[in-house]
Amino acid sequence: MSQTTVTAASAAEVAAELRARRAFVMVSHVKPDGDTLGAGLALGIALKRLGKRVHYFQQDPVPRNLRFLPDAECVAGELPADLPDDALFVFCDMSDAARAGERLPAITRDNMLDIDHHLGNAMFGRLNFVLPSECSTGTVVMHLMRELGVEIDARIATCLLTTIMTDTGGFMHSNTTPAVLELSAELMRCGADKEAITEQIFLNKRVAATRLLAKIVDVMQFAHDNRYCYSYVDDTMLAQTGADGEDTEDTVNVLRGQEGVEVAALFKAYDGEIRVSLRSNGSVNVQAAAHRLGGGGHFRAAGLTFAGSLSDAIAAVDAALVAQGL
Ligand code: AMP
Ligand code: MN
Ligand code: MN
């Protein structure tokens, strides 16, 4: 807490910091997913059990499909007025603090802990516990739980299994290693509600979402010998179907899943900005492509926000992917 140095921290150092602080704010990234939120909730519940004061900050509301998570009702879009000056802000699942959104007030680096698994993490915290080989930020948090000696109860287990199932695409992506399956089994034995996770996150689609998917599929395009599939969603398509941004979450995987497709992109051109989701079968590094355009992510799953028109975004992403070997 004394001086500002940037370090890659060990689990023991982070655990010592967690024990030393009294108050915490768990911070999730904008457009939250089950990893950023599940990791923060799991660690928050564990810290509460250690007698700590814990708040959750997330700029965007909790998505409908994550409201079943234990403590999700405690998540707020603002900070409490009486937060102590030495509260530790724990950023979960983001390569850069800016991913927390512009509504989070500036925080001194001394009060920032960065827990993540992204490639190219900016190491923005005083302590940075970043393990890119982990499948989810939740499994990074599991290392800290072990170090803290916190028993994983059913609520924590449900949050952690959610992080794994979200970031492995329900155990389908290549980050689903034997160790990940073993950890998942351990979490189920601790009481993780896999049924609820499957039902809430992977099934339970709104009819509006399925109608939107039909529109997105209707305008999808193929390029580069059909190895690249891309499509878009705009305000008109949302208005026509009654869907919203949360309903687009899985769609890029449908594009990537088309026969022969190696790379897919979904251009989300609504609410006054263009956000791009990229997915790869492993032949092209989409994190590197996204990074060229100011975004980030993982080798096979990445994203970026583009300033400009939809056609410019499509051209810029195409060029970035070609530069990565598409
Ligand atoms: P998404 O397509 O939104 O599911 O994001 C895929 C991956 O890319 C996730 O790991 C995100 O954290 C990351 N990502 C998405 N958008 C951005 C961005 N604008 N900047 C950095 N990383 C991003
Ligand atoms: Mn995430
Ligand atoms: Mn993640």
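Me: A cavity is a set of grid points over the protein atoms alone where a 1.4 Å probe fits but cannot get out. With that in mind, how many cavities of 30 Å³ or more does the structure hold?

Reply: Bear in mind that this is a predicted model, which holds one cavity of 30 Å³ or more. The space in the largest cavity comes to about 40 Å³.

Me: Which residues line the largest cavity, and which element gives the largest share of that lining?

Reply: A residue counts as lining when one of its atoms is within 4 Å of a cavity point. In this structure the lining of the largest cavity consists of Met-26, Val-27, Ser-28, Thr-36, Leu-37, Gly-40, Leu-41, Tyr-56, Val-75 and Cys-92. Two or more of these residues come from each of β2 (23–27) and α2 (34–49), and α2, with four residues, has the largest share.

Me: What is the make-up of that lining by class?

Reply: The lining of the largest cavity has seven nonpolar and three polar residues, and no charged ones.

Me: Turning to ligand 1, which residues come nearest to it?

Reply: The general idea is to collect the residues that have a heavy atom within 4 Å of the molecule. Around ligand 1 there are 13 of them, and His-118, Ser-277, Arg-279, Gly-296 and Gly-303 come nearest. By class, the shell around ligand 1 has eight polar, three nonpolar and two charged residues.

Me: Which elements each supply at least two residues of that shell, and which one gives the most?

Reply: β11 (273–280), β12 (296–297) and β13 (301–306) each supply at least two, and β13 gives the most, with five residues.

Me: What are the distances between the oxygen atoms of ligand 1 and N or O atoms of His-118, Gly-296 and Gly-303?

Reply: For a polar contact, one looks for a pair of N or O atoms within 3.5 Å. A side-chain N or O atom of His-118 is 2.8 Å from an oxygen atom of ligand 1, whereas for the two glycines the atom belongs to the backbone, at 3.1 Å for Gly-303 and 3.3 Å for Gly-296. Ligand 1 taken alone exposes 480 Å², of which the protein buries 81%.

Me: Where is Glu-259 found, and is this residue buried or exposed?

Reply: Glu-259 is found in the loop that runs between α9 (251–256) and β10 (263–270). A residue is called exposed when its relative accessible area is over 50%, and Glu-259 is therefore exposed, since its value is 80%. The C-alpha atom of Glu-259 is separated by 53 Å from that of Leu-83, and the two residues are 176 residues apart along the chain.

Key:
Residues numbered from 1 in each chain as written. Chains lettered and ligands numbered in written order. Predicted model: local features only at pLDDT ≥ 70, side-chain atom pairs only at ≥ 80, totals over all residues. Heavy atoms only, no water. Buried < 20%, exposed > 50% of the residue type's maximum accessible area, 1.4 Å probe, protein only. Polar contact = N/O pair within 3.5 Å; in protein donor to acceptor, adjacent residues only side chain to side chain. Areas by Shrake-Rupley, 256 points an atom, 1.4 Å probe, with all protein chains shown as cover. Nonpolar A, V, L, I, M, F, W, Y, C, P; charged D, E, K, R; others polar. 1 Å grid on protein atoms, 1.4 Å probe; cavity = no way out; pocket = protein on both sides within 12 Å on 5 of 7 lines; lining within 4 Å. Points joined across faces, edges and corners; volume = space filled by probe spheres on them.
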